[in-house]
Amino acid sequence: MTELTVPSGWRPTELLFRGVAGAAVLALVAVVAGRPDLLVLAVPLGGFAVPALLRRPAAPPEVVSSLGAAVVAEGQAVRLRVVVTADAPVEHLTVSVPPVRWVRVRPSGGVVGVAATPGAGRAVSASVHLAPVRWGARRVGEGHVAALSPWAGWVWGPQRLQSQPMAVVPRPARFEGTGPPPHPVGLVGLHPARRPGSGSELEDIREFQPGDRVRRVHWRVSRRTGRLHVTTTRSEEDAAVVLLVDAGSDVGDPPATSVDTAVRAAAGVAEHHLRRGDRVALRVLGSAHQLAVPASTGRRHLHRVLHTLARVAPGSPGWQDPGGGRFHVPAGAVALVLSPLLAPGAVVTTTRLARSGVTVVVVDTLPEVAPGAPHDVPALAWRMRLLERDHVVGRLRRSGVPVVPWRGGHPLDEVLRTIARRAARARTVPR
Amino acid sequence: MSPAATSALGRLVGGSAQQRLLAAAVPVAVTAFLAAATAAGAGLAVLPVAVTVLLAVLAAAAPGSAAPLVLLLWLGGYWLLGVAGPVSPWTVLAAAAVLVVHVASGLAAHGPAGLVLDRATLVRWLRRGVAVGVATLLVWVVCAALARGGPPGGRLLSGTALAVVALVAATAARRTGSVPR
């Protein structure tokens, strides 16, 4: 990028210099040569120069740039507002914020010019809209600002606008799970439990016993039978979901790489379960930074999960979990490993979790990658890598870990329903 | 290719439609100037015309540089050497061309190539252009009237011209404290 910043302070513009120099030369020649017509030619130049000279600003203006929001969602536009406050009159303000990667700028090109009413002590502002199109931690708003005095005689700038941090949270992928959670636990939540309790789902109608609440009396049945009957309900519980996002290997073309898919899918699954009142934990495997969010619930927790996902930075395929893949998984939780299964660390962690009795489902986030030419060495190596991966997937499936591709959540929902049915059958075996 | 040349080419090719229009106004105005000079009695020699066109293109491509000033001084010299005699009515057209070159270059230099000037700015500069154009016309009327008056009028004209130059110079010195630039 060309360095445009100049020392702060007002400088004469080319327009002013051209007006003064051109008018002076033509007028002098007119006098010396005795040519009044040259004086006529000098008037348009001098006519703009004199008012511009008379309105020279003294003090340099102050500039403040601010982002409308420091945290935005993918595709959401945010306004970058540049305010120039000057004791001297400012007639025109120009702001240039060139587009950067993954950030769209409106207007196109990021150049905005704003006319101001000449007057001292007034603030002039110009706005550029920035719309990040990919999640992640970004720096935006770097550009330049320049101001012109009345009659464009004096210019201030271009001065550099400092970039500002912006967290772009992922847009949650659509996931509408309809099945019950495999292992609902706890005392509160939205999922009907297997034991009776004070929930809202009807379980039975039975005779009144001491201790039953009067509001539970079922009057219609009581009148028909002649004895007091009460309704019983099943308690409602929540489920815990642990999301393990594999950021160790990132394959595919942005903005649809394996990490992109994993992050958006994790956001979608987290949003779905948190909306249902479940507890969601997040752990990012192989990221450049250690990122983990303990299990909790609520809207604020969703924001915490999304903000953490926005900080995911793809690491190296050979990552090693400092804890050796051992970390706390809440009782009864389902672990969803969102991974392309290319990094050994993700496979080791998945296997360890499954062996320790945790219900694990692997969500395959490997995107479609073009096969390449038959004799191309990198393409051949990639095919060999995929064969190895197929072997790993087969091994996981044989050990009872379902591996489902991420296709908007449908296969995942089916697998979760199957696990829930199996869990229910296992618990209802008569003693 | 030098950065300046790249920037100038980028302005012509990659600029907004408005900026391209402003750039196109410069050669159009220069063509009008040449037509006015020819009508006022100047000959159409190939080399001076070629130099004029070249300077016009340079001024259009680099409005924020010294190219427009060089072009305007060249046009002044072209008029001085090509047109002889008293104040011609074609001088008004030539002055209008100078005004258009000056304003179009100034507006084009308001910002980078992608800048689209808002309506308020354009209207403001249109008003200023009209005001300065009217002042130019008045000066032409005075000059034409004085030119018919003979030598005493010529001395008055010289005095007026010197007064204008002195006014501009004094204003510049008072407001800037030094030569602007």
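In what order do the elements of chain B run from the N terminus on? They read α-α-α-α-α-α-α, and the full tally for chain B is 7 helices and 0 strands. Please keep in mind that this is a predicted model.

**Chain B and one of its helices**

Chain B has 181 residues, and 41% of them count as buried. If we look at contacts in chain B between residues at least 6 apart in sequence, 72% join residues at least 24 apart. For a single residue to look at, try B:Ala39, placed in helix H2 of chain B, which spans residues 17–39. Is B:Ala39 buried, partly exposed or exposed? With a relative accessible area of 40%, B:Ala39 is partly exposed, because that value falls between the 20% and 50% cut-offs. B:Pro89 lies 50 residues from B:Ala39 along the chain, and their C-alpha atoms are separated by 9.7 Å.

**Where the two chains meet**

Next comes the interface. Chain A brings 49 residues to the contact and chain B brings 57. About 4,700 Å² is buried between the two chains, with carbon and sulfur atoms giving 76% of that area. On the side of chain A, the residues that lose the most area to chain B are A:Arg18, A:Leu41 and A:Phe48, together 14% of what that side buries.

How many salt bridges are counted between chain A and chain B? The count is 1. A salt bridge links A:Glu91 to B:Arg128, with the closest N and O atoms 2.4 Å apart. Across the interface, 9 residue pairs are in polar contact, both residues being at pLDDT 80 or more. Helices H1 (14–33) and H2 (36–54) of chain A, together with strands E5 (92–96) and E7 (111–115), each supply at least two residues of the side that touches chain B. The element that gives the most to this side is H1(A), with 16 residues. By residue type, the side of chain A that touches chain B divides into 35 nonpolar, 8 polar and 6 charged residues.

**Strand pairing in chain A**

Within chain A, strand E4 takes part in the two pairings set out here.

| Strand pair in chain A | Bridges and sense | A bridge partner pair |
|---|---|---|
| E2 (residues 62–67) and E4 (residues 78–86) | 6 bridges, antiparallel | A:Val64 and A:Val83 |
| E4 (residues 78–86) and E8 (residues 122–132) | 9 bridges, antiparallel | A:Val84 and A:Val124 |

In strand E2 of chain A we also find A:Val63. Its relative accessible area is 32%, so A:Val63 is partly exposed. Leaving out residues up to four places away in sequence, A:Val63 touches A:Val82, A:Val83, A:Val84, A:Val145, A:Trp156 and A:Leu161. A:Val50 and A:Val63 are 13 residues apart in sequence, and their C-alpha atoms are 28 Å apart in space.

**A buried threonine**

Our last stop is A:Thr350, found in helix H6 of chain A, residues 344–355. Is A:Thr350 buried or exposed? A:Thr350 is buried, with a relative accessible area of 0%, because buried means under 20%. Which residues surround it in contact, leaving aside neighbours of A:Thr350 within four places in sequence? A:Thr350 is in contact with A:Val337, A:Val360, A:Val362, A:Leu396 and A:Val401.

Terms used. Residues are numbered from 1 along each chain as its sequence is written. Chains are lettered from A and ligands numbered from 1 in the order in which they are written. This is a predicted model: local features need pLDDT of at least 70, side-chain atom pairs count only at pLDDT 80 or more; totals for chains, interfaces and linings use all residues. Side-chain values use heavy atoms; hydrogens and water are left out. Two strands pair if DSSP finds at least two bridges between them. Helices (H or I, at least four residues) and strands (E, at least two) are DSSP runs, numbered from the N terminus. Contact means heavy atoms within 4.5 Å. Buried area is the accessible area (1.4 Å probe) that two parts lose on being put together, summed over both. A salt bridge is a side-chain nitrogen of Lys or Arg within 4 Å of a carboxyl oxygen of Asp or Glu. A polar contact is a pair of N or O atoms within 3.5 Å; within protein, one must be able to donate a hydrogen and the other to accept it, and residues adjacent in sequence count only if both atoms are side-chain atoms. Ala, Val, Leu, Ile, Met, Phe, Trp, Tyr, Cys and Pro count as nonpolar, Asp, Glu, Lys and Arg as charged, and the others, Gly among them, as polar. Buried means under 20% relative accessible area, exposed over 50%, partly exposed in between (1.4 Å probe, protein chains only).
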